[in-house]
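User: I should like to go through the classifications assigned to this model and hear the reasoning behind each. Please begin with the overall fold once the structure is displayed.

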Amino acid sequence: MEDHIVTIEISMYPLVNEYEPHIISFLQNLKSYDGILVKTNAMSTYVQGPFETVWKVLGETFKNSFKSGIPLSNVMKIIPRKLPLEDLWLEF
């Protein structure tokens, strides 16, 4: 399954008043990995790449976020194929 491309849309909701630093930290951590495509817009983030690689990266990135101890709610949509991603993205 390593060669199978997956596209995952993630929305993270830190359940604290000062939520932006937690989201930015998550995105910076996610974008530090090679082998995946990460695109962010104002509402969510898309991660695309080989199935095994994407799941490994997401596991490590969520684990790092959970270490902060703040309550988080995450919503993910998983599509088991490569999707065309638009060009309107935010940079972090």
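Analyst: The protein chain contains two helices and four strands. This is a predicted model. Along the sequence, its elements follow the pattern β-α-β-β-α-β.

User: What makes the protein chain as compact as a globular protein of its length?

Analyst: The radius of gyration is 13 Å, and the globule rule gives 12 Å for 92 residues; the two values are close, so the chain is as compact as a globular protein of that length. Its C-alpha atoms fill a box of roughly 40 × 25 × 20 Å along the principal axes. Buried residues account for 33% of the 92 residues. Of the contacts between residues at least 6 apart in sequence, 73% join residues at least 24 apart. The chain exposes about 5,900 Å², of which carbon and sulfur atoms supply 56%.

User: How does the span of helix H2 stand against the expected one?

Analyst: Helix H2 covers residues 51–66, which is 16 residues, and extends 22 Å from its first C-alpha to its last. At 1.5 Å a residue, 22 Å is expected, and the computed span is close to that value.

User: Why are the buried residues of H2 said to line one face of the helix?

Analyst: The buried residues are Val54, Val57, Leu58, Thr61, Phe62 and Ser65. Viewed down the axis of H2, they fall within an arc of 125 degrees, so they line one face. The face turned away from this buried side carries the exposed residues Lys56 and Lys63.

User: What covers the buried residues of H2?

Analyst: The cover includes strand E1 (5–14), helix H1 (20–31), strand E3 (45–50) and strand E4 (72–79). A contact between the helices involves asparagine 29, which is found in helix H1. Apart from neighbours within four places in sequence, asparagine 29 is in contact with Thr61 and Asn64.

User: Why is the pair of phenylalanine 26 and phenylalanine 62 called tilted?

Analyst: The structure holds three aromatic pairs. In this one, the ring centres are 5.1 Å apart, within the 6.5 Å limit for a pair. The planes of phenylalanine 26 and phenylalanine 62 stand at 40 degrees, which is neither under 30 nor over 60, so the pair is tilted. The pair links distant parts of the chain, with phenylalanine 26 in helix H1 and phenylalanine 62 in helix H2, 36 residues apart.

User: How do you know that phenylalanine 26 and phenylalanine 62 count as buried?

Analyst: Buried means under 20% relative accessible area. Phenylalanine 26 has 3% relative accessibility and therefore counts as buried. Phenylalanine 62, at 11%, likewise counts as buried.

User: What makes the pair of phenylalanine 62 and phenylalanine 66 stacked?

Analyst: The ring centres of phenylalanine 62 and phenylalanine 66 are 5.9 Å apart and their planes lie at 25 degrees; this angle is under 30 degrees, so the pair is stacked. The two residues are four apart in helix H2 and are therefore separated by about one helical turn.

User: Why does phenylalanine 66 count as partly exposed?

Analyst: Phenylalanine 66 has 48% relative accessibility. This value lies between the 20% cut-off for buried and the 50% cut-off for exposed, so phenylalanine 66 counts as partly exposed.

User: Which residues do the ring pairs link into a cluster?

Analyst: The cluster consists of Phe26, Phe62 and Phe66.

Notes
Residues are numbered from 1 along each chain as its sequence is written. This is a predicted model: local features need pLDDT of at least 70, side-chain atom pairs count only at pLDDT 80 or more; totals for chains, interfaces and linings use all residues. Side-chain values use heavy atoms; hydrogens and water are left out. The expected span of a helix is 1.5 Å times one less than its number of residues. Buried means under 20% relative accessible area, exposed over 50%, partly exposed in between (1.4 Å probe, protein chains only). The arc is that of the directions from the helix axis to the C-beta atoms. Contact means heavy atoms within 4.5 Å. The radius of gyration is taken over C-alpha atoms; the globule rule is 2.2 Å times the number of residues to the power 0.38. Accessible areas come from the Shrake-Rupley method with a 1.4 Å probe; for residues, only the protein chains shown count as cover. Rings of Phe, Tyr and Trp (its six-membered ring) pair if their centres lie within 6.5 Å; planes under 30 degrees apart count as stacked, over 60 as edge-to-face and the rest as tilted.
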